Amino acid sequence: MEDKMFYNEILIDHNQHPLHKESLEGANLTLEGVNPSCGDDIVLQLKVENDIIKEGAFQGEGCAVSQASADIMLELVIGKKKEEALRLAELFFRMIKGECTAEEIEELEEAGALQDISHMPARVKCALLGWRTMKELLE
């Protein structure tokens with residue numbers, strides 16, 4: 001019950017007070033990610049210098065899960081090297097599939113609160129949208 005409350009609090013907070021939902025001036029990497037099954041749509045913008053994600057932002061429309069997950073992802077990867085951001089994305093994908101250890105989920109910080117999404121098949125693509133878009137953008 002406590003985990004579900006934590007999950008709900010994080011989703012509500014990142015939807016009502018997103019830290020990174022804006023346009024990023026000076027972004028040198030931009031990609032639109034779309035989830036055609038439900039209509040979620042984000043445009044992810046990153047400013048990457050010397051293989052480090054210096055800044056990040058997103059714009060878009062969609063359900064609470066897709067928008068909160070993108071915001072949480074950016075909070076986690078800003079300041080990290082591209083390789084580390086890609087590693088964290090792989091951990092997130094594995095967590096959603098139920099393949100992560102507790103220690104690996106801890107590395108995902110707030111994103112770890114989304115682990116129960118795996119039990120909601122209709123929401124999995126929503127949670128993965130920002131992460132998949134970032135992965136495509138960085139590779």
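## A tour of one buried glutamine and several salt bridges

Begin by selecting Asp51, which at 35% relative accessibility counts as partly exposed in this predicted model. Now add Lys82 to the selection, and you will find that its side chain meets that of Asp51 in a salt bridge, with 3.7 Å from N to O. Lys82 belongs to helix 3 (residues 82–96), while Asp51 sits in the loop between strand 2 and strand 3 (52–61), so this pair ties together parts that are 31 residues apart in sequence.

Stay with helix 3 and select Arg87 together with Glu107, which form a salt bridge whose closest N and O atoms are 2.4 Å apart. Because Glu107 lies in helix 4 (residues 102–107) and Arg87 in helix 3, the two tie together parts that are 20 residues apart in sequence. Glu107 is partly exposed at 34% relative accessibility, and Arg87 is partly exposed at 33%.

Next, select Glu90 and Lys135, whose side chains meet in a salt bridge of 3.0 Å from N to O. Here Lys135 comes from helix 5 (residues 121–138) and Glu90 from helix 3, so the pair ties together parts that are 45 residues apart in sequence. Lys135, with a relative accessible area of 23%, is partly exposed.

Finally, turn to strand 2 (residues 40–49) and select Gln45, which is found there. Is this residue buried or exposed? Gln45 is buried, with a relative accessible area of 12%, and a polar atom of its side chain lies 2.8 Å from the backbone nitrogen of Leu24. Leaving aside neighbours within four places in sequence, the residues in contact with Gln45 include Leu24, Ala27, Leu29 and Gly56.

Key. Residues numbered from 1 in each chain as written. Predicted model: local features only at pLDDT ≥ 70, side-chain atom pairs only at ≥ 80, totals over all residues. Heavy atoms only, no water. Helix = DSSP H or I, 4+ residues; strand = E, 2+ residues; numbered from the N terminus. Buried < 20%, exposed > 50% of the residue type's maximum accessible area, 1.4 Å probe, protein only. Polar contact = N/O pair within 3.5 Å; in protein donor to acceptor, adjacent residues only side chain to side chain. Contact = heavy atoms within 4.5 Å. Salt bridge = Lys/Arg side-chain N within 4 Å of Asp/Glu carboxyl O.
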